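Please examine the sequence and the structure shown below. The report that follows describes selected backbone features, then the contact between two chains, and finally the relation between copies.

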Amino acid sequence: MSLGVCYFPEHWPSERWEADVRRMADLGLEHVRMAEFSWSELEPKRGEFEFGWLETALDHIDERGMEAVLCTPTATPPRWLVDEHPGMLQEEPDGTTRQFGSRRHYCFNSPAYAEETDRIVTRMAERFADHPAVAGWQTDNEFGCHGTVRCYCEDCSAAFSEWLRERYGDVDALNDAWGTAFWSQRYNDFEQVEPPRHTVAEHHPSLLLDYARFASDSVVDYNDRQVELLRAANDDWFVTHNFMGHFSALDSYDVSESLDFASWDSYPTGHSQREGDDPAVEDLLVGDPDVIGLNHDLYRSVTDEPFWVMEQQPGDVNWPPYSTQPADGAMRLWAHHAVAHGADVVSYFRWRRCRFGQEQYHAGLLKADGTPDRGHDEAARAADELGSLPGLDGNEASVALLHEYDNLWALEAQPHAPEFDYWDHLETYYRALRARGVAVDVVPPTRDLEPYAAVVAPTLHLVDDDVAARLGTYVEGGGELLLTMRSGVKDRANALLNEPAPGPLSGLVGATVEDWGTPHPEMERELRYDGDPFEYRVWNERLSTDAALAVGEYRTGRAAGHPAITANAVGDGHARYCGVWPGDSLADAIVSDLLADAGVPATAEPLPPRVRVVERDGLTWVTNFSDRELLVKPPDGASMLQGSETVPGYGLAVVDAPLTDVGVEHR
Amino acid sequence: MSLGVCYFPEHWPSERWEADVRRMADLGLEHVRMAEFSWSELEPKRGEFEFGWLETALDHIDERGMEAVLCTPTATPPRWLVDEHPGMLQEEPDGTTRQFGSRRHYCFNSPAYAEETDRIVTRMAERFADHPAVAGWQTDNEFGCHGTVRCYCEDCSAAFSEWLRERYGDVDALNDAWGTAFWSQRYNDFEQVEPPRHTVAEHHPSLLLDYARFASDSVVDYNDRQVELLRAANDDWFVTHNFMGHFSALDSYDVSESLDFASWDSYPTGHSQREGDDPAVEDLLVGDPDVIGLNHDLYRSVTDEPFWVMEQQPGDVNWPPYSTQPADGAMRLWAHHAVAHGADVVSYFRWRRCRFGQEQYHAGLLKADGTPDRGHDEAARAADELGSLPGLDGNEASVALLHEYDNLWALEAQPHAPEFDYWDHLETYYRALRARGVAVDVVPPTRDLEPYAAVVAPTLHLVDDDVAARLGTYVEGGGELLLTMRSGVKDRANALLNEPAPGPLSGLVGATVEDWGTPHPEMERELRYDGDPFEYRVWNERLSTDAALAVGEYRTGRAAGHPAITANAVGDGHARYCGVWPGDSLADAIVSDLLADAGVPATAEPLPPRVRVVERDGLTWVTNFSDRELLVKPPDGASMLQGSETVPGYGLAVVDAPLTDVGVEHR
Amino acid sequence: MSLGVCYFPEHWPSERWEADVRRMADLGLEHVRMAEFSWSELEPKRGEFEFGWLETALDHIDERGMEAVLCTPTATPPRWLVDEHPGMLQEEPDGTTRQFGSRRHYCFNSPAYAEETDRIVTRMAERFADHPAVAGWQTDNEFGCHGTVRCYCEDCSAAFSEWLRERYGDVDALNDAWGTAFWSQRYNDFEQVEPPRHTVAEHHPSLLLDYARFASDSVVDYNDRQVELLRAANDDWFVTHNFMGHFSALDSYDVSESLDFASWDSYPTGHSQREGDDPAVEDLLVGDPDVIGLNHDLYRSVTDEPFWVMEQQPGDVNWPPYSTQPADGAMRLWAHHAVAHGADVVSYFRWRRCRFGQEQYHAGLLKADGTPDRGHDEAARAADELGSLPGLDGNEASVALLHEYDNLWALEAQPHAPEFDYWDHLETYYRALRARGVAVDVVPPTRDLEPYAAVVAPTLHLVDDDVAARLGTYVEGGGELLLTMRSGVKDRANALLNEPAPGPLSGLVGATVEDWGTPHPEMERELRYDGDPFEYRVWNERLSTDAALAVGEYRTGRAAGHPAITANAVGDGHARYCGVWPGDSLADAIVSDLLADAGVPATAEPLPPRVRVVERDGLTWVTNFSDRELLVKPPDGASMLQGSETVPGYGLAVVDAPLTDVGVEHR
């Protein structure tokens, strides 16, 4: 439950470092991350290492009793290195080189760069293996940022062929699995298979899915190698990586297998201006608590350990279209919200606004002139508040939200409606759960589901018998399962199953999909659930029930009168199936029924908009992401550890009581 | 008057083929198209031919008394062939290669690919020359799909130089015709002329037009060669090609010269989601009868023979933004509508939804699991209904709509208003004619016009004296001619004429164009025609009358009070000129007057919206593309061959009576 | 005060030339510009020069007593020359070649093309050194049109390295100035620095700014060389260049240093359809008087001499999305408006619509068939009217609007709000000044400011102590200065200053910037100034006052109650600071107060919308860019040199009286 900061001593005169670190300590910060873009400062020319400056900075940190997180500097190979190995640069699908001049210009499959990586990581790890300030490491920085997980160069092409050979063994196995008889795409050997470069029409969906897997695996391998070298130098260090929010191209479960815990970089108002959206003003000021929370819960779940927010937005940021100033209180609110969701450390990015380079319009806790900026005082307050809390165990959740990158990738290649987005769909259900005060783990279908009273599984698009059997066992044993549209459609190679959807899940669901469509926004999209009318969007499936009960049916369109939502009693549990993408009200209705059957405690009414209540280790955080005042009703005798019963807009309270005993309403 | 289907035996285990073909026969299908993307299955490695599987499929077809249409598999050269001849791949204007991985990746001007084409076509034609099931051939598949008529590679550059040499003989003839004195573009030899690759500003319009012609000619030559080889193997075969709807880059008249008849691929709801449009719900459910009908009439007119719909949409399709499900009845309605317009065969695409590859989201008559999908039962009903009709002769039309690709290409290069689209403009007049129940041939200006009581000639942009003289003779002889804005502006080299528009047509029109403009949508666009106010759009011309009568004049803008529409009595006929792009009401008014003068029978009022009535060989189809019920009033004693006097939404009726005797109204 | 025309004899048969020139003379034109795209006509093959045709044309001009402006034909190197030197073509950031086929395809840093340039300029200059008709030259044509100032080829890369070496001397000086410690961007030598080619994220802002400077300097050097060669041939010639309106990539002050005077090409209605705008109908018909006027004033100010409009729109133009026809009277109005702003010559582009090539949809004074088009009669009238005026001295302005391309380039790289555009911001203040009838010079901050009663300095983003000191001295001495948001933020290398904004201007302003933001359009943006409420847009700064008085404060948002606008009395003058981008009403209020303090005469109320009044040498032009009738009230006894007291829509009047004595109102 402590705070940290990201620091770039190399951007400032060395005379300032001691004062900087002292001020960090005075502010109450306990962790300092450093060095993630510093290669050209650490090795300005080949073999000429300059580690002294970093050691000096570490010494200052050590003197103040703080801990340092070092980063491998591989996200930004220096100019001289690129000049020696021009082939290490990434390429676009059309063959254009991704040049030096910004960051992340290296290819994960470049043999030359792999060697250089080994060299710098080893040198750096050995150099600081015994420094007392170094608590652990971050590998690289934000793998895949700016669309760089997928590269299309010759090294990737060769590595992809090799990856396919390992996966399929025989090229005809690939031909059969993919179905290369379509459009004359048969391969005679693995070398013939190339990355999905520029073509006049779409690529084969099986190629696209395997390329997505291969590209993610390439990053996993690259990361694993770094982790291994770091652990070889000092096995007491923790190793983490800073993931990004709502990031699609990288399987964070796979990457995390070799990590001690996961971290992520949280920029709440930056994410409010996603393309095409017309954001709410409150989103622009503090972000959406569920967009943030879903990422907290994901990165907590990937290792099932408390996580870090490695970069926490400190004020205005440079990269959204509009650089809005966050609301007063936002920087404090975010820190508490993260801790409530299971963060052990929240580290602001950055200590001081940088005078030069691409992020001049990105705030720090200090302004460029060294005076405190807005985030500074909020960080100090949060440090004080969080420091006063008792040590906390991890979070517990009784509901699992299933998430699998293979499904994301398959649907990304074939959305079949402009609005179809895997994250948005997940969010629909996550929001419904959180609006009822329910804690959620975000786990893959292969995780042990027994601990969960209910499981929500949006769009299990690729399903094999194993997953189907595990879900069946779960329900038989009393589990409450909600499956949704577009599930059980494909096999693992991204080919359609030879049976109606939801394929191997059909028995469990007790219904099958007759046909599907993506209704145009101009068309009416209404159904009746439990007697009430609701709106849906993006997707509909006409269902045919077998054992299941139709609990929702269409009111409009060609499928009017046909089932849209079903429920099936199986063993001691139920399997529900929702054949549409529900609107928020419908999602709430379905999820409420699920929770009731599962006996999961939930609020009687949805929480006030933009207000979320989160419990961790017996303490309950009331976080107010709205601008309206809240009234908190703690149970008799419970103490308010932070805040009072009146919580102002963008404020918070911490109550020493379980969530279900705490009442919350907008004034 | 029969139905067919497109079948890919290579996508399914051979054990299923016999059952598949039997089910086709049971359904009432009589034609099976195969093999258009099967090269890698027919020749998996160079010289290793595997024709057996196709022969087996043909044997099954023969056994059921059905006919097969085979396709040359040239649209998708296999990977091994591309690896041997990487230079055969197409290139973008910026030099990017159009890679293997989708389809249509070969260049029409690649000498290496021409040789490979000869080889596979010859081998395949000879192999099946005597098979009794093979009735004819489709060359390749959808020439030019995905923007591939125009390639910008070195082979094209060399072929273009040669094409220009043949056309102009001497490079100074080209310099003079094009006007290369502009912007210092003089060429010293033909080799210097390159395809219109990436430049910072627009290309020379004469180069653009000649490149469009050259590219179209390249496809014509490529097709002709295939046709010749096929006929050499068996002269009894018919040869056709499957064109696309509203396709711009290829001159379908030229391609069709060597064909027995034309075919086209009709996807009515796919075309409803054209970019920027906000489609009507009924368009999303069944498409627009005039968009479909214009293509039917075009592809019937190119050879003046009954045509085939080689691919008829069978249900949902994968390529529009939204995959809407067609209305119930749509698949039957489309088959009848096509036959009414002159189709002899309507062939659904495809038999069964493919489990793998790029078209998984494209329906078939069967689902992927082999059970009937929505189109199946509608196809069965249509097969039954069409089979019960008498044999029908071709269609007759008393109005010609003139269409010339040279004009399309010239205007595509210089639209001079964002909304200017040649097809849309044609459609404006086509719709007005069809809304009055009038049959239309879509023919080039060089076709014999004598048979037509009226001729509508939208935008004869490039006009030479010959066309002008032919139109003059037509009107002199009693023809009723409607010319429209942007006519008689350019010579054949795409240079402005040395006289006011409509150039050589001015005498016939009896008026000239003073100036023109494209009014911005913010500006008022009104005129008065025959005393009534109307709206126009996109383009206006201030006319100066000579012999002609001003029948329409502007009410707004700088040209207020000046003539906008004229009529000129010449010999026994009239030449009308419309100097604007009319709104629908104005188009109806102008066309109605034209029809009245020409004595062409037309309905007293426009037909109800989305309802069309089409006569073929004495039978009249009432096709209801609206969701409202229709009332059909047949003449006394006429029998209803299909349907009753009440036609439901998306339904139809066939009346054994001429069109002009059949009344139709929305209930 | 005379008119001219752009003529292309090479586009027409030589038999027409004499008649053409006679008609020009009859119309009242006195100047003829020729030859700017004629290289392939002057030298059809290497070394085979054909100057005879141009001499013939010049002879005709001489015979009629007119003057010719010749152009170096370097904007369009011919095909044969490109074939000899393919490396001279420009390249895109992704490496794509900018090919032959339009214009401006040469790289300013190509050594080969520099040699060719010297050769053709020298030959041409020597050939016509003694021709009596040649009064002067235009270098090249519209440097940088179509985005060609910045090229990314290898020649540019080498030249950029050299340019940096000259600027920084030592590569570590560059590393320090830019701050290459950011993202590991340290360079070891100048050769390593490349143009900002394709990268996955943004480039370093210091690299971007220096590349913008380098690219502009490359054009300056290229132009200087041509000027030198022309002067060497005949030192009596004037030399000018035709700039473009609102053009960003080229520093017109730098280019103009070697010119006798500047020219620009004015296309008022073309500029009305800028991307994303929804233009007013009147803008489509005559353009915006302030958009035009700002360019007139800029290109007058660059050399502080009367300027030429080298190309004046003659009617419809081809390049905007819609080719609207200008209003009747527009072509006359523009000529007068230009002369009022300080033009000595207004030259219509072009004499006759060209039959061929890329500009067929661009009007001339004659139509393509040689008959007069709309511009012809208006030009005749304007020639007559302007010819009847006395000779006029240059213009005088009491207000300077500061403009610096370095600021434009820095902000273009980091706008930090989608709407942030340097020209728009300048225009906001320019419009406010002109709406009060106030004359404006547009000068760089290094110009002597002493002559100006007031200085408006929008966004002095990069400021060094020297500029700060000069502005301080100006205010101390009684000057009235208005500074605006985003000033004093960066140093000359585009790094943030080590002090709060406005940096070295803080003392003068008496206030500093606490923080800033770009409010999203969904957020309220209101402030109070002088007691009244106003709207602002795009940007806000929370100010902290020191010596200054807060004259405006925020009413909404996080900064509510904090200062937004300040005024500081310094010596005998005042320094105002506006921390927002004002809406039009607020700009008017602030500017009015500034003018009042400066004692600059201004109208009591803003002029009627789209009506502008401009004084030159004691004469006052009333120009009516609205469609409503105006009432002009001249002082007693003043004569109306043109027009009457009632000025129709798009009309004008010239009053022999100073501006401040002339009343104007919409009827």
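In this predicted model, Arg350(A) lies in the loop between strand S11 (343-348) and helix H13 (374-387) of chain A. Helices (H or I, at least four residues) and strands (E, at least two) are DSSP runs, numbered from the N terminus. A cis peptide bond, with omega about 10°, joins Phe349(A) to Arg350(A). In chain B, Ala501(B) and Pro502(B) are also joined by a cis peptide bond, with omega about 0°. Pro502(B) belongs to the loop between strand S13 (480-484) and helix H17 (506-509) of chain B.

Most peptide bonds are trans, and most residues other than glycine have a negative phi. Two residues of chain A with a positive phi are listed here.

| Residue | Phi | Loop in chain A |
|---|---|---|
| Trp183(A) | near 55° | between helix H7 (171-178) and helix H8 (205-233) |
| Arg486(A) | near 65° | between strand S15 (480-484) and helix H17 (506-509) |

Trp183(A) counts as buried because its relative accessibility is 3%. Arg486(A), at 1% relative accessibility, counts as buried too. Buried means under 20% relative accessible area, exposed over 50%, and partly exposed in between (1.4 Å probe, protein chains only).

The next topic is the contact between chain B and chain A. Contact (heavy atoms within 4.5 Å) involves 57 residues from chain B and 52 residues from chain A. About 4,700 Å² is buried between them, and carbon and sulfur atoms give 55% of this area. Buried area is the accessible area (1.4 Å probe) that two parts lose on being put together, summed over both. On the side of chain B, Tyr322(B), Gln358(B) and Tyr361(B) lose the most area to chain A, together 18% of what that side buries.

There are 5 salt bridges between chain B and chain A. A salt bridge is a side-chain nitrogen of Lys or Arg within 4 Å of a carboxyl oxygen of Asp or Glu. Lys367(B) forms one with Glu514(A), and their closest N and O atoms are 3.8 Å apart.

How are the copies related? A turn of 120° and a shift of 0.0 Å along the axis lay chain C on chain A with an RMSD of 0.0 Å. The two copies are thus related as by a three-fold rotation axis. Superposition is by least squares on the C-alpha atoms of residues with pLDDT of at least 70 in both. Within chain C, Thr96(C) has the C-alpha nearest the axis, 5.2 Å from it.

Residues are numbered from 1 along each chain as its sequence is written, and chains are lettered from A in the order in which they are written. Local features need pLDDT of at least 70, side-chain atom pairs count only at pLDDT 80 or more, totals for chains, interfaces and linings use all residues, and side-chain values use heavy atoms, with hydrogens and water left out.
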